[in-house]
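Subject: Handover of a structure and findings

Dear colleague,

Please find below the structure that I am handing over to you. My findings are set out after it.

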Amino acid sequence: MKSSSKAILPLQTLSLILGFAVWGILSSLIVFIKEGIPLTPGQLSLVTAVPVVLGSILRIPFGYWTNKYGARFMFLISFLILLIPVFYISQANSFVDLVIGGLFLGISGATFSVGVTSLPKYYPKEKHGLVNGIYGLGNLGSALSTFFAPVLASQFGWRTTVQCYLVLLGVFILANFFIGDRKEAKLETSLTEQIKGIYKNEKLWLVCFFYFITFGAFVAFTVFLPNHLVNNFGIEKVDAGLRTAGFVTLATFMRPVGGWLGDKFNPFKILLFVFTGLTIGAIILAFSPTIPLFTFGCLMIGLCAGLGNGTIFKLVPLYFSKHSGIANGLISAVGGLGGFFPPLMLTLLLSMTGHYAIGFMSLAMVALCSILLVLYMYWNDRMKLAEQIVHGTSQAVLVTNPKGIIQTINPAFTAITGYTAEEAVGQRPGFLKSGKHDKAFYDAMWKELREKKVWSGNIWNRKQTGEMYLQRLTINGIQNDMGEISYYVGVFNEIDPSELSKKFA
């Protein structure tokens, strides 16, 4: 990283902290706001969930615009626009006012796409997980809002507290103007071209789904907890804010840990742990536990959600480096929407059943399904890696099933023998026989292969043109966990008979 760019990571991380703090204004102050503005349970859930809508949808163009205009411009324009809805909310007198102001607060949540698109430009790939994880510490903004906003509101009222955010926005408008990188590398690829480049990629939609669960859980619990703790456990409003801040802080600090682990280990193994933990935590909450057990379940979800959020953004530069802006935006958008629906669903289920158990069990089931999808992606990656190794090697390779039917060949096989995959796959290797070896030769070869699971030697075969050639062939029997042969892999190269005779002369 260039020395002149050392301020970029802290500046963008602090900017995201402010973005998330502004994004959480309504949820952190809702217990105070509802005392002055009457709200039904359904209206209350809608008011706290509405900022998530625009904050999620705008993440798609924000990622694209960051590549086109740079992070400095995007943070500047976002914070300037946010001055309007923040001031409007401080003057709100009705449910409609809160919904309108809250909708435009979503701009602050969309700023997440700015850093995850911009920062990888300044660092090598092996550090992208950690860097995006550090930037993800911007989630602390939610914790700071839930921690300090209720305290200030108790002393000065919620309207004055909201207006304090105007001062912070002004400070960071100046900070980005003077410190932001004016020379950030730009990408001029059109939005349509970027979308075309990734929308058919199944990995994109699976990663979106994973982030829908992990970041959605983080946002949903941040929005849901303050009011839930007050209404269901009789906790004081400031205490509920402190407990929610603890949840947010844990999830936030786990984010860089998840990114670092994703750099060091296979990200899919980390995600298996993440979704297992989410499943267990949600099941605990489903049984309407006492406050200590409820706290344990929430903290488990916070820890796993944070790890997952950091690990998932390690996958983005691995799979979508050429379309990082739109991929980051889309994944972030889906994750944000993951925080919109759960609070509304929980409120609906509460009105229908009188408790939240079904909602929490739904989270457990979705997390359990995610475990299966992670295993699928892990297996698929390993299979593709094996395929790349086979097709990339300079030696000819053919793979047969236990019955000797050819399953696949590589380009080197075609180059030596002249047979294409369409001609070879489905046949037995015997179609290559030259006629120079008798039955005893092949019986001895297969006897050794069955006993030792490997055979190596020189053998004459025939090319598609009819030309006979000598090859050095090694066959290995690939066993499954039961010790049974699953495949035979033959690796060979053509050798010159004259060179072979000189060697043994």
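The following paragraphs describe a helix pair and a pocket.

Please note that this is a predicted model.

The helix pair consists of α1, residues 8-23, and α10, residues 158-179. Their axes lie 11 Å apart, and the packing angle is about 155°. As angles over 145 degrees count as roughly antiparallel, α1 and α10 are therefore roughly antiparallel to each other. The crossing of α1 past α10 is left-handed. On the α1 side, the contact is formed by Ile-8, Leu-11, Leu-14, Ser-15, Leu-18, Ala-21 and Val-22. Helix α10 contributes Tyr-165, Leu-168, Leu-169, Phe-172, Ala-175, Asn-176 and Ile-179. Sorted by class, the contact of α1 with α10 comprises 12 nonpolar and 2 polar residues, with no charged residues.

The second finding concerns the largest pocket, whose volume is about 490 Å³. It is lined by 22 residues, of which Pro-429, Gly-430, Met-445, Trp-446 and Ile-475 are the closest to its centre. At least two lining residues come from each of β1 (396-400), α21 (439-452), β3 (454-462), β4 (468-479) and β5 (485-495). Of these elements, β5 supplies the largest share of the lining, with 4 residues. By class, the lining of the largest pocket is made up of 13 nonpolar, 6 polar and 3 charged residues. Charged residues are thus present in the pocket lining, whereas the contact of α1 with α10 has none.

Yours sincerely

Conventions. Residues numbered from 1 in each chain as written. Predicted model: local features only at pLDDT ≥ 70, side-chain atom pairs only at ≥ 80, totals over all residues. Heavy atoms only, no water. Axes fitted to C-alpha atoms, helices over the stretch in contact; angles between N-to-C directions. Parallel < 35°, antiparallel > 145°, perpendicular 65-115°, else oblique. Left-handed = near helix turned anticlockwise from the far one by under 90°. Contact = heavy atoms within 4.5 Å. Nonpolar A, V, L, I, M, F, W, Y, C, P; charged D, E, K, R; others polar. 1 Å grid on protein atoms, 1.4 Å probe; cavity = no way out; pocket = protein on both sides within 12 Å on 5 of 7 lines; lining within 4 Å. Points joined across faces, edges and corners; volume = space filled by probe spheres on them.
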